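Here is a quick tour for anyone meeting this structure for the first time. Have a look at the view below, and then we'll walk through it.

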Amino acid sequence: MNIYLRQNSFLVPDFIAVQRNSFSQFLESGLIQEISKRNPITNSTKELELCFYPQYYKLSPPELNAKQSILKNKTYSCRLYIPVKLTNKRTKTLKLQWVVLGNLPLMTKRGHFIINGSPRVIINQMVRSPGVYFKEVSHADQKLTYYADLIAYRGAWLRIELDKKADIWARMKKTPKLPMLILLQALGLNLPTILKSLNYPKFFENLGHDGNFMKQLKKGRVSSRSSSQELSGSFNLSEDVSLRLDDSSKNMGAENVQRAPLQKSTKKATLFGDFSRSSVYCKTQEEALWALYALTHPLKNPDEVTANLGKSFLYRKFMNSRVYDLSPLGRLRLNQKLNLSVNENITTITAQDLLFITNTLINLNYGVGKVDDIDNLKNRRIRTAGELVQNQFGIGLLRLEKIIREKLKQQQTKLSIGSLINTKPINGALREFFGSSPLSQFMDQTNPLAEITHKRRLSSLGPGGVNRETAGMAIRGIHPTHYGRICPIETPEGQNAGLVNSLTIYSRVNPYGFIETPFYKVVKGQVQNSTRPIFFSAYQEEKKLLAPGDIYANKLKYLPKSELPIRKLAEFTRTTREKIDYISVSPLQMISIATSLIPFLEHDDANRALMGSNMQRQAVPLMTAEAPVVGTGLECRVASDSGHVLQAKKSGFVTYSSAEKITILSPVDSTPAVPKLSKGNNSPQHFHESVGGSCKESQSLQAAAEGYLSGVASSSSSKFTGSSFSTISALNDGVLRRALTQKVLTTGTNCSSMLKNQRFFVEPKAQLYTGAQTPVGRVETILQPNHAEGYLSEVETIQQTQNKLPLQVRFGVEAPKSSFDSEATKISSTLNSIPQHPVLGEDSPSKQVGWALKDPQIQTMLKPKWHHSAQTMSRENWYQNLKGQNVKTFTQVESGRLVTKPTNTKMPMSSLAGTANSKKTGEALYKLASSESATKSMDFSTKTQLKPITYELQKLFRSNQDTSIMHRPVVREGEWVNRGDLLADNSTTVGGELSLGKNLLLAYMPWEGYNFEDAILISERLVSDDAYTSLHIERYEVEIRETKFGLEQITSQIPDEGKLSHLDHFGIAKPGTWVEEGDILIGKVAPMPQKNLSRYEKLLYDVVGKKISTTRDTSLRVPRGVSGRVIHVEILNAENLPPEFVFEGPSRVNLYIAEKRKIHVGDKMAGRHGNKGIISNILPRQDMPYLPDGTPLDMVLNPLGVPSRMNVGQIYECLLGLAGRYLGQKFKVRPFDEIYGPQTSRSLVYSKLYEARLRTGQRWLFNPASPGKTRLFDGRTGECFSQPVTVGQAYMLKLIHLVDEKIHARSIGPYSLVTQQPLRGRSKHGGQRLGEMEVWALEGFGAAYTLQELLTVKSDDIKGREQVMESIQKNKTISLGTPESFKVLIRELQSLCLDVGVYAVDGSGKIKQVDTMKLP
Amino acid sequence: MKHILLSCVESRIEHNRSFYSRFQLGPFDLGQGLTVGNAFRRTLLSELSGVGITLIEIDGVCHEYSTLPGVRESVLDILLNLKQLVLTSDTTFTVPQVGYLNFTGPGVVTAKDLKLPVSVYCVDPDQPIATLSADATLNFKFLVCQGKNYIIQTPVDKFHEYQKKILNSKLNLPLSSRTTLNSTFERPNQDSLVGTPLQEGVGKTKQNKRLNAHFQRQLKQLNRLKETSFKAYKTKVGEKTISDEFQTNSVNHQNLTTFDLREKKLTDVTTSLQHGEEATLLKEEGLNKLDNSSPQLENKLKGGRDFSGGSQLASQALPVDTLFMPIKKVNYMIDIDPAEPDRESVVLEIWTNGSIHPRQAVHEAAKQLIHLFSPFLQTHLVPTTLQSTPYSKAASKTQEFSLNETSTEKVKDELGKVAFGSENNTAALNQQKNLVTAIQTLDIANLNFSLRTFTFLKKENINTVSELVEFWTRQKTEAKDSIQSNVQSSVLLEISNNLKNFGVLPTS
């Protein structure tokens, strides 16, 4: 019986795909779209026309790769080239040129950007989707009114509302409201049409101000000129009326307000009556336009108002597609909502839209229809990173267009394209966005999990979103549509709660920006999980009966017959299995990554689970990682998708493995994986010929073109095609970029008409890397099949400590045999080992190698079923893949898109020669060489059959949060690796499994108050064994500056400084030196003005033989509390220095210091269940309580931390961990295991403990009288504690809130310049505020002197504090000034009715009171 | 009274780095078991000393956060591996010793490749240090220290400077010819608990020179034997609970002795094998080569380069936070034999890391405990030296004094001699004299005065006991002369009481 039947055919999608897909979407279509919107740019006379050809845009390869950009503090970006055509219709000249539009920051393979050397993430924004929303307002008198908001993708905001008097108005920002009928008429509808279209035309008849209008209408009365005169006269009135009636209308000028009372009395019913009624209408469209303009521009003189103005106003606001854009989505949603069938290309408001909105609104008023729920996910869409960048790019283009128009206006002659186009607007716009948008965030890189969740974050904040201060409860809450889309658990605590969310593991974002989540069809109670799942957005899942993922389906995939819980819309009810339409794919469907890493999650209170998922992101990578004994199975997915571990791109065998690089020799297919790049050289020639040959229409043009093109030919061959080669080589660095994609010119644009029949570029056979659908930068990462499936099995035993991916032994699921109680568990230990990939050099290596080399296809067949890139390539492929046609997909990928580093043919030989020395490898190689196919492959010059791929390993590297990132090789030389196998671990993974903490033996018992209030007691073992030692790398930057007296200089010649031996001749600390607080890191001096010395001073200097220093020491020193080793020095070029300055030595230096931080008192630790605490004491191991077998505990937690927090999961984890410790097993426990019966978790834990007891013979492991509890002994006395104690092994994390960074004390220090009070903050060596309560305490205790000192010399008593030293030395009394706080104190005492004052004795001996406030 | 016995109930080698033994101590009177057991457990865990690598200088490495070309482990990992390394020594040494490693890839560098100083052996020859590729070499020298518990070092410690000096000064240290000591089981002293560890080493080299296939085969066989026997043993243990076994310990004991014997033979052979292997290795590499690439020479060369301002960074001595704890785990249980309900015995289980035999560990721990308690033996004697009166308070006072003021080892020893009432009377007399002078110069703060009296005396400028005695006698005489003094009688009384208690004044 396979209880995972349902899950087997579908797996968790890639975690970073959200980011990557959206950015590749931007590169593939968004960019082109955005530029096309600006085409063509003409001047007012339409003589000059500038046209972009965005389809052909190219990107230059970035100058620095991602890692270099970080080290050099640069942006990881490429230049965007685009062909531009300038036509002068008057002179009939045409120019065509490639121009640089700007620098486009690129997304790395891991889904972030690198801006000025720091990785940044563009987080996804959750906004209201364009469309129309109907809402109701309830008033104080229980009346309900309705309004509709028309939200556009871009452009003005329009609200149509019904007021209490049942009048209907249109409202815009910054304009007074106007009657709806007038707006509709102005848009060209006539009154009969309007009325006919309404479901309730009587709305206007009955509720109108008076029936006259209808009657007039029926009579067909023609409005006269005079009436419009009257009309104009009436406008002043109407303004005032509207002012009176609607206080909230803001835009009435101040003068109007003053005028209003005067004219109020003159209000009379005119032709139009008063405009406070919406049933006012106009005769014609013209009139309506006129009225519209007059109403919206109340300050305008009515005489100047014309119908044309009204028309242009409307156009400007709603009809211009450049300004107003509903977006296709908005159009679609409008159509859906209003049952319209407007063409989807019309993305502006039509009269029809408004008419039907009015209709719906009136319907609502009559009780027909429903209002919308804005928190429903069908009404909220995700703006992904690519879209955000695209928008910003559009803004840049808009600015560019403006500039171009200006320039076109100015000069008519001698226009060149180069002078028109400038990189500034686009660069500026992008820099603005990446640098300062609230959505572009400094990446949380504490550990890979933090990184991955940061990239999957959804924020409702930011431009176009909600405001954190004003956001109400509703928007922060969990909505039923969140199920499977947004995690209900993972959100920050505090002010952002509910506004910042996380995507769930299975969800994906569809092209419209809605989150979709998969479901299986249920037919007559049978789960159709052999077919592919169907993804539903919130809109699509409406009206469907959905069952949750934790219903147990039997062998035949039938759901139980009992009433099952289901959800329909927001309702949770029960129904029979026949009625169920769909069922969730997995019980984990509704939670996010970090949450799904919590074992026994279902036993934790949501609040604590929230903390648990948030705190895992804060775990510091430890020096020696250790995978959790109790995990959930998703650990390996997080690790692999984070991109922090190294995986084999191709199968092969390892010829070299060191901490710096790994080389894998892999067989190559006969079809080249890399497109023939040499062809690229031909392309410009073709270009040249074809363009030259075809421009027959005008000779001059041709000549010009030829001249130009020849230039391009040479340049492009060097610049573009040449670089394209390096592009590919750089792909190995995890680079996301649009390579120099070249496509055939398509017809249909302006350009093509000119260049008809000519081939603009030669199409290379294979698209480089960025195919139409392939998200760029996805170098295939495949999971180890073991892992992929491993996730699905609930409990797994993993035999430990292979250096490789842990060999996983699965528990076959059978009827309970060895289980402790009858309903215990459905797991027995049928051990069924999945062998690892064959290792060369053992049993029969030659055979295996030979086999692998001969038939790479077989290797392919052996590939995991699941294939990441398949999913990202295209959906069809993916599903095919799922159906089992994976081989095909795989080969496609191999031949078409897999890009490998071009190899240096010399290298393999040397590496082979090198490795031949190795005994094992040498042997393997020998066998390899002796086999027939291999001998062929050794001939590298002719047919490359074997090809080495070198993987550069990440050396110790600094993350954004100063934690360390590094690779540790996992493979050994001579091993065979399959594609996707783990090659190197990250600092937070072990065998490809995310491992953020350590498994500790802990007990829940009080220990002399040392674990009171969440404090934690730990054993000294954790210190001595370096269990929680973490590496932190800090960066220090110095740049020379220009001072008043000249330029600073980085030098080792520092005046009056003793310790300089650790500096090199530049004055920079040498790598490897140990530096302590106060040591010079980078020696820097600033020039000082020459001092004028008196003669004897000069003499003195001469006698002593000392020169007067002309410089001042401004060196960078090691800050307080820091000591470590200098590990890296980076010398950069100055940025803020004008280029004309000449200087000696380096101008800008970055220096890295690595620090080892052992755990100590004050550090914060946490489990995965939100159980956090601070270390309060570290006991030697002999003092710790110990188990009946003598093992001392590692940690003692407070038992009171559990009941009130309701995070019982930690107890389960801890007990199962204990069983794992004694059984030598690891467990993958998927949360929500109650599918398999009641109390499954408990039964599992107990049965495992019992098994451990049986196997080890340690009876205390499971005591039926107090299951899970053990008698402990006090290490100090050796006596048994009076009660049995819960003991177990739990996974504990060390969080980045380390005391070393927080510990702080000050006796004296800097003062603020203005207030002369002590500075605040540790970084500035500031003081702690002595607030009023502290003052009260001192007052209360009568600690007068302490209070005096703190209020005076320790505060802003400038004179006093300068004299303190002197007074002490000369044994004088300390004189005091009068600080501000003293005055406050006096006032306070006075306010307590105490007669306190300051008195002074004047010359005559009289005592006189001084005004306290006038004291100096 | 029955003799107190220490008997080994069970002993096994779980693997090279884990030795286990179970002892039965006793019988004791009721209640003593806990005293002994707990004292043993705590002492074993905290007081035993071990040997470890404390400092290392790797060629071409200037900081621990770098990597070496062709080496699979980063320097940090190598340091961690060295920290894990279990070493042992048959002598005690106070000065750190220097060792070397010279290894050219490809291959796995393990503990047996280390050139350890004389009398230092590694316990598990297969303990990995690094994995090298064909193009890699690993040369380093290191310091081996003896210590207790663990140390955390930073390069600014004085100890670090001292170690660096040693590391760079000693050019020609005798290296141990045999690098591994597979098992401390090999060591004798089975019968007697007290005894000095044997000096061994030099003689054994000769017999280790041979290496051939025969040995290899034998090794394999033995290993298999070892495994199976261990397995068998384990299963047996697994079936029973510990308490069960206690009851049947006589049987076990027999089993164990045979097991032990086998074990002993086995280890002997393996060690000899390894020595041989090492010898051939040396032969292969050639001693000349070794000499040429000795780190000192290279360092000298490098130093020269550095002086002239070369760009290459000098390799640095990197501190290792060493663990010296040889005991992994200790457990004890108090067992009362139903046949003899007024006696109890302690069952002591010890797991060591292989650097020390559990029996040895018990011995060491006992020694440490005796050492710890020995000063308290002296307390009997002190009053007799002062020839004074009431035993109680004065004794404790002097004791405190002698421990506080003259805490040097030498004085203690002398005291000890006196305490044990040795025949040498003159020495005792000298000692007595010393003590008396010491008391005379003792600060009055050591006496039990009330604050008022104390401040009064201080104001009178009376600081030492002798001054106090003088003052007191003066006051006495003044009182006799019935001259009114401002000294109140209560103060005087307090002084006299105190002095009497202290034994300086006669009671009368």
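Let's start with the outside of chain A: about 60900 Å² of its surface is exposed, and carbon and sulfur atoms supply 53% of that. Keep in mind that this is a predicted model. Chain A has 1416 residues, and 57% of them count as buried. Its secondary structure comes to 41 helices and 61 strands. As for how the chain folds back on itself, take the contacts between residues at least 6 apart in sequence: 70% of them join residues at least 24 apart.

**Where chain A meets chain B**

How many residues of chain A are in contact with chain B? The count is 61, and they touch 52 residues of chain B. In chain A, the residues that lose the most area to chain B are A:Arg1125, A:Arg1181 and A:Gln1182, which together make up 16% of what that side buries. In general, people often give the size of an interface as the accessible area lost when the parts come together. Here, the area buried between chain A and chain B is about 4300 Å², with carbon and sulfur atoms giving 52% of it.

There's plenty of polar detail at this interface too. Between the two chains there are six salt bridges. One of the salt bridges pairs the side chains of A:Arg1125 and B:Glu64, at 2.4 Å from N to O. Polar contacts across the interface of chain A and chain B come to 32 residue pairs. Several elements of chain A each supply at least two residues to the side that touches chain B, including strands β52 (1124-1132) and β53 (1148-1157) and helix α37 (1240-1256).

**A nonpolar patch on the surface**

Now for a greasy spot on the outside. A:Leu1099, A:Leu1100, A:Val1103 and A:Val1104 make a nonpolar surface patch of about 430 Å². One of these, A:Leu1100, lies in helix α35, which covers residues 1095-1104 of chain A. Why does A:Leu1100 count as exposed? Because its relative accessibility is 53%, and the cut-off for exposed is over 50%.

**Backbone oddities in loops**

A few loop residues in chain A are worth a look for their backbone angles. Here they are side by side:

| Residue | Backbone feature | Loop in chain A |
|---|---|---|
| A:Pro40 | cis peptide bond from A:Asn39, omega near -25 degrees | between α2 (17-37) and β1 (41-42) |
| A:Lys524 | positive phi, near 50 degrees | between β19 (515-523) and β20 (526-527) |
| A:Glu1013 | positive phi, about 50 degrees | between β41 (998-1004) and β42 (1015-1019) |

Neither A:Lys524 nor A:Glu1013 is a glycine, and yet phi is positive. Are these two residues buried or exposed? A:Lys524 is exposed, with a relative accessible area of 65%, and A:Glu1013 is exposed as well, at 61%.

**A residue tucked inside**

For a contrast, go to helix α2 of chain A and find A:Gln19. This residue is buried, with a relative accessible area of 0%. Which residues is A:Gln19 in contact with, leaving aside its neighbours within four places in sequence? Among them are A:Met107, A:Gly111, A:Val121, A:Ile122 and A:Ile123, along with A:Ala385 and A:Lys455.

Terms used:
Residues numbered from 1 in each chain as written. Chains lettered and ligands numbered in written order. Predicted model: local features only at pLDDT ≥ 70, side-chain atom pairs only at ≥ 80, totals over all residues. Heavy atoms only, no water. Patch = residues over 30% accessible without salt bridge, like charges linked within 9 Å, V, L, I, M, F, W, Y side chains within 5 Å. Areas by Shrake-Rupley, 256 points an atom, 1.4 Å probe, with all protein chains shown as cover. Salt bridge = Lys/Arg side-chain N within 4 Å of Asp/Glu carboxyl O. Helix = DSSP H or I, 4+ residues; strand = E, 2+ residues; numbered from the N terminus. Buried < 20%, exposed > 50% of the residue type's maximum accessible area, 1.4 Å probe, protein only. Contact = heavy atoms within 4.5 Å. Buried area = accessible area lost by both parts, 1.4 Å probe. Polar contact = N/O pair within 3.5 Å; in protein donor to acceptor, adjacent residues only side chain to side chain.
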